[in-house]
Amino acid sequence: MLGLMQDWPLLIHRVIDHAGAQFGTREVVSRSVEGPVHRTTYADVRARALKVAQRLERDGIVNGDRVATLAWNTWRHLEAWYGITGVGAIYHTINPRLFPEQIVWIANHAQDRVVMTDLTFIPLLEAIADKLPSVERYIVFTDAAHMPATKLKNAVAYEDWLNEADGDFRWAEFDEKTAAGLCYTSGTTGNPKGVLYSHRSNVLHSLSLANPDCFGLSSRSVILPVVPLFHANSWSLAFSAPMYGAKMVMPGMRLDGASIYEMLETEKVTMAAGVPTVWLMLLQYMAKEKKKLSTVERMLIGGSACPRAMIEAFQIEHGIDVVHAWGMTEMSPVGTCGAVKAQFADLKGDALIDLKSKQGFAFFGVEMKITDDSGKSLPWDGKTFGSLKVAGFAVTRGYYGVDNTGLLDDDGFFDTGDVATIDANGYMQITDRSKDVIKSGGEWISSIDLENLAVGHPDVAEAAVIGIAHPRWDERPLLVVVPKEGRVIDRDSVLRYMEGRIAKWWMPDDVQVVAEIPHTATGKINKLKLRDDFKAYKLPTT
Ligand code: AMP
């Protein structure tokens with residue numbers, strides 16, 4: 001027997017309808033690409049998203065079409081996502097930090113029909129446009145006054161294009177499993193792979209991760225997503241913030257410490273979300289200028305392991321609660337958050353920082369397991385490492401346009417490619433990417449643990465550890481460090497600092513100081529490039 005409740009499909013435009021109805025005056029504040037700070041409301045975002053949908057429909061965009069966005073976090077980008085999905089089309093986010101050839105590859109694979117972009121990226125697109133035959137039109141997020149002359153096909157200023165619609169439009173109706181968003185992962189090997197979100201997965205994921213133990217969003221929250229809309233589905237914030245009525249503060253293209261600090265203070269931000277590299281810039285800026293944050297209560301940090309020293313700095317020096325989160329593009333993207341469960345409510349000092357250094361526990365809708373190489377589940381004892389596998393309503397079951405045979409295991413779990421432990425309380429801790437773990441004498445050394453420890457040294461700004469071939473041990477760890485501004489790193493002092501804090505056989509065989517560690521387009525340490533940089537290097541111990 002079926003229940004007798006309404007069939008109310010979980011469609012994304014219902015989120016902005018709700019925000020418009022319940023939180024209509026709640027603001028979306030952006031640093032515009034043209035310069036000035038721009039203010040709008042959810043009621044207006046909704047009204048203009050309806051125009052985007054109407055206008056796209058008039059341009060012949062239909063259910064299933066891909067509309068690319070290559071743009072910073074601003075109100076226009078947000079409206080565009082709702083407008084695109086409101087006709088049943090698919091927002092395809094492109095990361096502008098990718099190499100031009102990768103962008104060409106991705107846009108061709110997706111067969112994008114329209115590209116929506118910022119002024120910043122016109123030169124980039126002009127250089128590759130003749131390699132993008134599927135694109136029929138370029139819409140530039142600006143107004144007539146700022147629109148430059150461009151040879152991009154059918155280029156139009158967004159505001160002019162939008163003004164041709166009156167907004168008298170009804171959202172399209174379709175099944176909740178309809179595709180809504182497409183985001184390619186920056187695979188370190190092979191071609192990028194497209195993760196295809198549905199309306200249902202986006203709505204459920206946003207509903208669930210906004211819970212108090214994870215993002216903890218409410219109509220009193222003011223959230224600054226430093227995480228771009230083009231990274232991993234914006235960590236859901238394009239949906240979860242309006243869904244819960246949180247004011248959004250969009251930083252645009254200025255992500256340096258001073259600019260972010262200014263936005264956090266002037267807009268009275270209560271929580272911010274981003275990768276550790278961005279927070280490092282903010283912490284360095286605040287240390288140098290002797291500044292404190294007056295309204296921020298919670299920092300959502302993820303995308304790569306949050307170093308212990310960073311958690312300490314926020315928690316202890318600044319009194320800001322750190323929520324360490326883990327996930328991946330394939331998971332919509334959040335999987336775990338590191339809140340404090342009831343049994344740990346009294347933890348203080350180092351013990352609390354230890355807990356917060358873990359990547360946290362799964363919220364409703366995410367199931368996790370760790371397995372050995374044969375696929376057998378391993379115990380949740382906080383010590384045993386295994387391949388981390390996940391299942392849930394917002395986890396991928398296949399990449400777009402490729403053969404997905406064997407992607408999931410027999411129980412429908414997706415292999416994240418991460419190696420992790422899970423403790424008896426359900427807290428997961430990432431040990432490494434499976435391809436980055438250092439194999440020494442048949443045992444594994446976690447590069448992440450070593451990196452986190454090294455950045456606790458007062459002269460070290462950033463650290464990366466890679467395995468270097470060793471005739472006896474197979475691989476041994478090499479620590480690569482970047483000094484803090486104005487500091488000089490003494491190799492022996494770093495090693496002395498690490499001694500006693502880790503097992504003896506985990507100690508790096510050498511320390512190399514560099515001016516910069518390479519990063520990927522999503523801000524993670526680019527170990528592939530780093531290994532390449534050090535391919536001629538020989539350990540002193542060999
Ligand atoms: P992406 O799909 O680009 O977001 O990359 C996902 C990968 O980033 C994960 O599989 C992890 O390897 C890594 N990652 C994300 N968050 C964390 C975290 N909090 N700690 C360690 N690694 C992380």
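# Exercises on a predicted model

Strands 3 (residues 66–70) and 4 run parallel to each other and are joined by four bridges. The model used in these exercises is predicted, with local features needing pLDDT of at least 70 and side-chain atom pairs counting only at pLDDT 80 or more, while totals for chains, interfaces and linings use all residues. Residues are numbered from 1 along each chain as its sequence is written, and side-chain values use heavy atoms, with hydrogens and water left out.

## Exercise 1: the open sheet

Work out the order of the seven strands in the open sheet, and which strands stand at its edges.

**Solution.**

Step 1. Begin with the terms. Strands (E, at least two residues) and helices (H or I, at least four) are DSSP runs, numbered from the N terminus. Two strands pair if DSSP finds at least two bridges between them.

Step 2. Go back to strands 3 and 4: here alanine 68 stands opposite histidine 92 of strand 4.

Step 3. Move on to strand 8. Strand 4 (residues 90–93) pairs with strand 8 in the parallel sense, over three bridges. Threonine 93 has cysteine 183 of strand 8 as its bridge partner.

Step 4. Strand 8 also pairs with strand 9 (residues 193–198), this time in the antiparallel sense and over six bridges. Threonine 185 has lysine 193 of strand 9 as its bridge partner.

Step 5. Put the order together: it reads 7-6-5-3-4-8-9, and the pairing is mixed. Strand 7 (156–157) and strand 9 are at the edges; each has a single partner strand, so one side of each is left without a neighbour in the sheet.

## Exercise 2: two enclosed strands

Find how many residues are buried in strand 8 and in strand 18, and trace the pairing of strand 18.

**Solution.**

Step 1. Use the cut-offs: buried means under 20% relative accessible area, exposed over 50%, and partly exposed in between (1.4 Å probe, protein chains only).

Step 2. In strand 8 (residues 179–185), seven of the seven residues are buried, so this strand is largely enclosed by the rest of the structure.

Step 3. In strand 18 (residues 386–392), six of the seven residues are buried, so strand 18 is also largely enclosed by the rest of the structure.

Step 4. Look at the partners of strand 18. Strand 17 (residues 366–371) runs antiparallel to strand 18, joined by six bridges, and methionine 368 stands opposite valine 390. Strand 19 (residues 414–422) is antiparallel to strand 18 too, with four bridges; there the bridge partner of valine 390 is phenylalanine 414.

## Exercise 3: the cysteines

Decide which cysteines form a disulfide, and why cysteine 183 and cysteine 306 have no bond.

**Solution.**

Step 1. Apply the criterion: a disulfide is a pair of cysteine sulfur atoms within 2.5 Å.

Step 2. The structure holds one disulfide. Cysteine 214 and cysteine 337 form it, with their sulfur atoms 1.8 Å apart. The pair links distant parts of the chain, 123 residues apart: cysteine 214 is in the loop between helix 7 (199–209) and strand 10 (222–225), and cysteine 337 is in strand 15 (residues 334–337). Both cysteine 214 and cysteine 337 are buried.

Step 3. For cysteine 183, the closest cysteine sulfur belongs to cysteine 337 and is 18 Å away, too far for a bond. Cysteine 183 counts as buried because its relative accessibility is 4%.

Step 4. For cysteine 306, the closest cysteine sulfur is again in cysteine 337, at 13 Å, too far for a bond. Its relative accessibility is 1%, so cysteine 306 counts as buried.

## Exercise 4: the ligand

Describe the shell around the ligand and list the side chains with polar atoms at the ligand.

**Solution.**

Step 1. Count the residues near the ligand, that is, with a heavy atom within 4 Å of it. There are 13 of them, and the closest are Ala325, Thr329, Gln359, Asp418 and Arg433.

Step 2. Sort them. Four are nonpolar, six polar and three charged, where Ala, Val, Leu, Ile, Met, Phe, Trp, Tyr, Cys and Pro count as nonpolar, Asp, Glu, Lys and Arg as charged, and the others, Gly among them, as polar.

Step 3. Find the main contributor: strand 14 (residues 321–327) gives the most to the shell, with four residues.

Step 4. Check the distances. A polar side-chain atom of histidine 324 is 3.0 Å from a ligand nitrogen, an N or O atom in the glutamine 359 side chain is 2.8 Å from a ligand nitrogen, and a polar side-chain atom of aspartate 418 is 2.6 Å from a ligand oxygen.

Key
Near = heavy atom within 4 Å. Polar contact = N/O pair within 3.5 Å; in protein donor to acceptor, adjacent residues only side chain to side chain.
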